[in-house]
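Please find below my note on the structure that you asked me to look over. I have set it out as numbered points, so that each can be taken up separately.

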Amino acid sequence: MNNEQDLEKHPECPFCGSRDTEQESAFGSEISKSQYYCHGCNTMFERLKYDGKSPDDGR
Ligand SMILES: [Zn+2]
């Protein structure tokens, strides 16, 4: 199950590494960020949406 859409909806939690995550409703002002909630450690975390190009071109 290496589905990119599934990864988009359920990204790995940066704190506990769980995939039991859920996307919260996006903030209107910050369309480049998505907020997620991890059911594994009950923590909210943000994840940047990539526009197909890397935001960091390797400084
Ligand atoms: Zn977690």
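The points below go from the model as a whole to single residues.

1. This is a predicted model, and the confidence should be read alongside the geometry. The mean pLDDT of the protein is 79, with 66% of its residues reaching 70 or more. Among the elements, strand β1 has the highest mean pLDDT, at 92, whereas helix α1 (residues 4–9) has the lowest, at 77.

2. The protein contains one helix and three strands, and from the N terminus on these elements follow one another in the order α-β-β-β. Of its 59 residues, 5% count as buried. When contacts between residues at least 6 apart in sequence are considered, 22% of them join residues at least 24 apart.

3. The three strands form an open sheet in the order β1-β2-β3, and the pairing is antiparallel. The edge strands, each of which pairs on one side only, are β1 (21–23) and β3 (43–48). From one strand to the next, the twist averages 35 degrees. As background to the pairings discussed next, strands of a sheet pair through backbone hydrogen bonds, in either the parallel or the antiparallel sense.

4. Strand β2 (residues 33–38) pairs with β1 in the antiparallel sense over three bridges, and within this pairing Glu-22 has Tyr-37 of β2 as its bridge partner. The antiparallel pairing of β2 with β3 runs over six bridges, and here Lys-33 has its bridge partner in β3, namely Leu-48.

5. How many of the six residues of β3 are buried? The number is zero, and β3 therefore lies largely in the open. This strand is also one of the two edge strands named above, pairing on one side only.

6. The link between β2 and β3 merits a separate look. These two strands form a hairpin with four residues between them, and Asn-42 is found in the loop that lies between the strands. Asn-42 has a positive phi of about 55 degrees, although it is not a glycine. For context, most residues other than glycine have a negative phi. Asn-42 counts as exposed, because it has 9 C-beta neighbours inside 10 Å and the cut-off for an exposed residue is 12 or fewer.

7. Gln-23 belongs to strand β1, and is it buried, exposed or partly exposed? With 14 C-beta neighbours inside 10 Å, Gln-23 counts as partly exposed. Leaving aside residues up to four places away in sequence, Gln-23 touches Lys-9, Ser-34 and Tyr-36. Of these residues, Ser-34 and Tyr-36 fall within the range of β2, residues 33–38, while Lys-9 falls within that of helix α1, residues 4–9. The C-alpha atoms of Gln-23 and Lys-9 are 6.1 Å apart in space, and the two residues are 14 apart in sequence.

8. A second pair of residues can be set beside that one. Leu-7 has its place in helix α1, and it is exposed, with 12 other C-beta atoms within 10 Å. Leu-7 and Thr-21 are 14 residues apart in sequence, and their C-alpha atoms are 9.8 Å apart in space. In reading these values, one should keep in mind that helix α1 is the element with the lowest mean pLDDT, at 77.

Key
Residues are numbered from 1 along each chain as its sequence is written. This is a predicted model: local features need pLDDT of at least 70, side-chain atom pairs count only at pLDDT 80 or more; totals for chains, interfaces and linings use all residues. A residue is buried if 20 or more other C-beta atoms lie within 10 Å of its own, exposed if 12 or fewer, and partly exposed in between; C-beta atoms are placed from the backbone. Two residues are in contact if their C-beta atoms, placed from the backbone, lie within 7 Å. Two strands pair if DSSP finds at least two bridges between them. Axes are lines fitted to C-alpha atoms, for helices over the stretch in contact, and angles run from 0 to 180 degrees between N-to-C directions. pLDDT is the predictor's confidence in each residue, from 0 to 100.
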